[in-house]
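Here is a quick walk through one small model, written for someone who would rather look than calculate. Have the sequence and the structure open while you read.

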Amino acid sequence: QTNKIMAEAKNRFDPNVRFANTLKAKYNALVAAGFSEKQAFELALKAVEETLKQATNRVDGQKGK
């Protein structure tokens, strides 16, 4: 029981796990909205790419202003 609680606590506070859960939720929502699994995967991946571009100030792979 203690190990399960510790694992849940780690997952709750680990930014990688939170990000993965958010991404999975986005994917699931796209599938539920009627997109194919392939389309949902590609759209979720594109959202990650766009977020990374914004976070790094890059546009089309080039450093922004």
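pLDDT is the predictor's own confidence in each residue, on a scale from 0 to 100. You need it here since this is a predicted model. The chain averages a pLDDT of 87, with 89% of the residues scoring at least 70. Confidence peaks in helix α3, at a mean of 94, and bottoms out in strand β2 (residues 62-63), at a mean of 62. As a rule of thumb, predicted coordinates should not be read in detail where pLDDT is low.

Now the layout. The chain has three helices and two strands, and from the N terminus on they run α-α-α-β-β. Of the 65 residues in the chain, 8% are buried.

Do the helix lengths add up? Here are two of them, compared with what 1.5 Å a residue would predict.

| Helix | Residues | Expected span | Distance between end C-alpha atoms |
|---|---|---|---|
| α1 | 12 residues (2-13) | 16 Å | 17 Å |
| α3 | 19 residues (37-55) | 27 Å | 27 Å |

For α1, the expected and actual spans agree, and they agree for α3 as well.

Start with α1, which is hardly covered: its count of buried residues is zero. Where does α1 meet α2? The axis of α1 comes within 5 Å of the axis of helix α2 (residues 15-32), and the two cross at roughly 75 degrees. That angle makes α1 roughly perpendicular to α2, because anything from 65 to 115 degrees falls in that class. On the α1 side, the contact is made by Asn11, Arg12 and Phe13, and on the α2 side by Pro15, Val17 and Arg18. Sort the residues of this contact by character and you get three nonpolar, one polar and two charged.

Next, jump to α3, the helix that holds glutamate 37. Is glutamate 37 buried or exposed? It counts as exposed, because its relative accessibility is 55% and the cut-off for exposed is over 50%. Even so, glutamate 37 has company: leaving aside neighbours within four places in sequence, it is in contact with Tyr27 and Val31. Tyrosine 27 sits 10 residues away from glutamate 37 along the chain, and their C-alpha atoms are separated by 8.1 Å.

Finally, look just past this helix. α3 is followed by asparagine 57, and the phi of asparagine 57 is positive, near 60 degrees.

Methods: Residues numbered from 1 in each chain as written. Predicted model: local features only at pLDDT ≥ 70, side-chain atom pairs only at ≥ 80, totals over all residues. Heavy atoms only, no water. Helix = DSSP H or I, 4+ residues; strand = E, 2+ residues; numbered from the N terminus. Expected span 1.5 Å × (residues − 1). Axes fitted to C-alpha atoms, helices over the stretch in contact; angles between N-to-C directions. Parallel < 35°, antiparallel > 145°, perpendicular 65-115°, else oblique. Contact = heavy atoms within 4.5 Å. Nonpolar A, V, L, I, M, F, W, Y, C, P; charged D, E, K, R; others polar. Buried < 20%, exposed > 50% of the residue type's maximum accessible area, 1.4 Å probe, protein only.
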